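Open the model in your viewer and switch to a cartoon view. The stops below tell you what to select next and what is there.

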Amino acid sequence: MRESVQAEVMMSFLVSEELSFRIPVELRYETGDPYAVRLTFHLPGDAPVTWTFGRELLIDGVGRPCGEGDVRVEPADCDSLVEVLIRLQVGRDQALFRSSTAPVIAFLDRTDKLVPLGQEGALADFDTHLDEALDRILAEEQSAG
């Protein structure tokens, strides 16, 4: 059984130091991909954009700068963990979001209740075994029918 957690979080999309605007951003977590979270945003005039990255990166980034590649997460102010920055980058193009930390932590708490951190591997193995068992059952039904 696949389950999910999602939250719509209002974030500031930082275009430049002088220009930003608030947009709804969907955070989504699914047991079918237990190591990842998805962040989807829709800018006016563009199609929705979804980024997938590690749940652990988001967890760690709330408290300290994390990420080395296309996704980086860090507190907006290291002395205060009130806001978090999420930077998404492809080549020279980037999108920078600032969010209150509270709704991100609430989302992460819900993901942890669904799949506790560190238990993702057991869930992934279960899904693999379930798929294999269903394939065997279907093959047996087809050969018997």
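Start with the whole chain coloured from one end to the other. Read from the N terminus, its elements follow the order β-β-β-β-α-β-β-β-α-α, which makes a count of 3 helices and 7 strands. Keep in mind that this is a predicted model. The chain has 145 residues, and 32% of them are buried. Among contacts with a separation of 6 or more, 36% are between residues 24 or more positions apart.

**Stop 1: the sheet**

Select the strands and hide the rest. In what order do the 7 strands lie in the sheet? The order is β4-β3-β2-β1-β7-β6-β5, in an open sheet with antiparallel pairing. Now pick out β4 (49-54) and β5 (71-77), which stand at the edges. Each has a single partner strand, so one side of each has no neighbour in the sheet. Look along the strands as well: neighbours in this sheet are turned by 35° against each other on average, direction ignored.

**Stop 2: β2 and β3**

Select residues 20-30 for β2 and residues 36-41 for β3; the two strands pair in the antiparallel sense over 4 bridges. Show Glu-26 as sticks, and you will find Thr-40 of β3 opposite. The loop between β2 and β3 holds Gly-32. Gly-32 is partly exposed, at a relative accessible area of 40%. Leave Gly-32 marked for a later stop.

**Stop 3: the two hairpins**

Move to β5 and β6. These strands run antiparallel and are joined by 6 bridges, with a hairpin of 2 residues leading from β5 to β6. Select Val-73 and look across to β6, where Ile-86 is the bridge partner.

Carry on from β6 to β7. Here 8 bridges join the antiparallel strands. One of the bridge pairs is Gln-89 with Gln-94 in β7. Between β6 and β7 lies another hairpin with 2 residues between the strands, and Gly-91 in the turn has a positive phi of about 60°.

**Stop 4: helix α2 on the sheet**

Bring back residues 101-114, helix α2. The helix lies across β1 (4-14), β2, β3, β6 (80-90) and β7 (93-100), and runs at about 160° to β1. Within α2, select Thr-111. Is Thr-111 buried or exposed? With a relative accessible area of 0%, Thr-111 is buried. Beyond residues up to four places away in sequence, Thr-111 touches Val-5, Tyr-29 and Arg-55. Keep Tyr-29 and Arg-55 on display for the stop on Glu-120.

**Stop 5: the nonpolar core**

Show Phe-41, Leu-88 and Phe-97 as spheres. In the largest nonpolar core, which has 30 residues, these three touch the most other members. The element that gives the most to this core is β1, with 5 residues.

Centre the view on Phe-41. What does Phe-41 touch, not counting residues up to four places away in sequence? The contacts are Ile-23, Pro-24, Val-25, Pro-48, Val-49, Trp-51, Leu-88, Ala-95 and Phe-97. Leu-88 and Phe-97, already shown as spheres, are therefore among the residues that Phe-41 contacts.

**Stop 6: Glu-120**

Go to helix α3 (residues 120-144), where Glu-120 is placed. Glu-120 is buried, at a relative accessible area of 6%. What does its side chain reach? The side chain of Glu-120 makes a polar contact of 2.7 Å with the side chain of Arg-55, and also reaches the backbone nitrogen of Gly-118 at 2.9 Å.

Then show the wider surroundings. Apart from neighbours within four places in sequence, Glu-120 is in contact with Tyr-29, Pro-34, Tyr-35, Arg-55 and Val-115. Tyr-29 and Arg-55 also appeared among the contacts of Thr-111.

Return to the marked Gly-32 and draw a distance between C-alpha atoms. Gly-32 and Glu-120 are 88 residues apart along the chain, and their C-alpha atoms are separated by 9.8 Å.

**Stop 7: the cysteines**

Finish by selecting Cys-66 and Cys-78. Cys-66 has 11% relative accessibility and counts as buried, whereas Cys-78 is exposed, with a relative accessible area of 59%. How many disulfides does a search of the whole structure find? The search finds 0.

Key
Residues are numbered from 1 along each chain as its sequence is written. This is a predicted model: local features need pLDDT of at least 70, side-chain atom pairs count only at pLDDT 80 or more; totals for chains, interfaces and linings use all residues. Side-chain values use heavy atoms; hydrogens and water are left out. Two strands pair if DSSP finds at least two bridges between them. Axes are lines fitted to C-alpha atoms, for helices over the stretch in contact, and angles run from 0 to 180 degrees between N-to-C directions. Contact means heavy atoms within 4.5 Å. A disulfide is a pair of cysteine sulfur atoms within 2.5 Å. Buried means under 20% relative accessible area, exposed over 50%, partly exposed in between (1.4 Å probe, protein chains only). A nonpolar core is a set of buried Ala, Val, Leu, Ile, Met, Phe, Trp, Tyr and Cys residues joined through side-chain atoms within 4.5 Å. A polar contact is a pair of N or O atoms within 3.5 Å; within protein, one must be able to donate a hydrogen and the other to accept it, and residues adjacent in sequence count only if both atoms are side-chain atoms.
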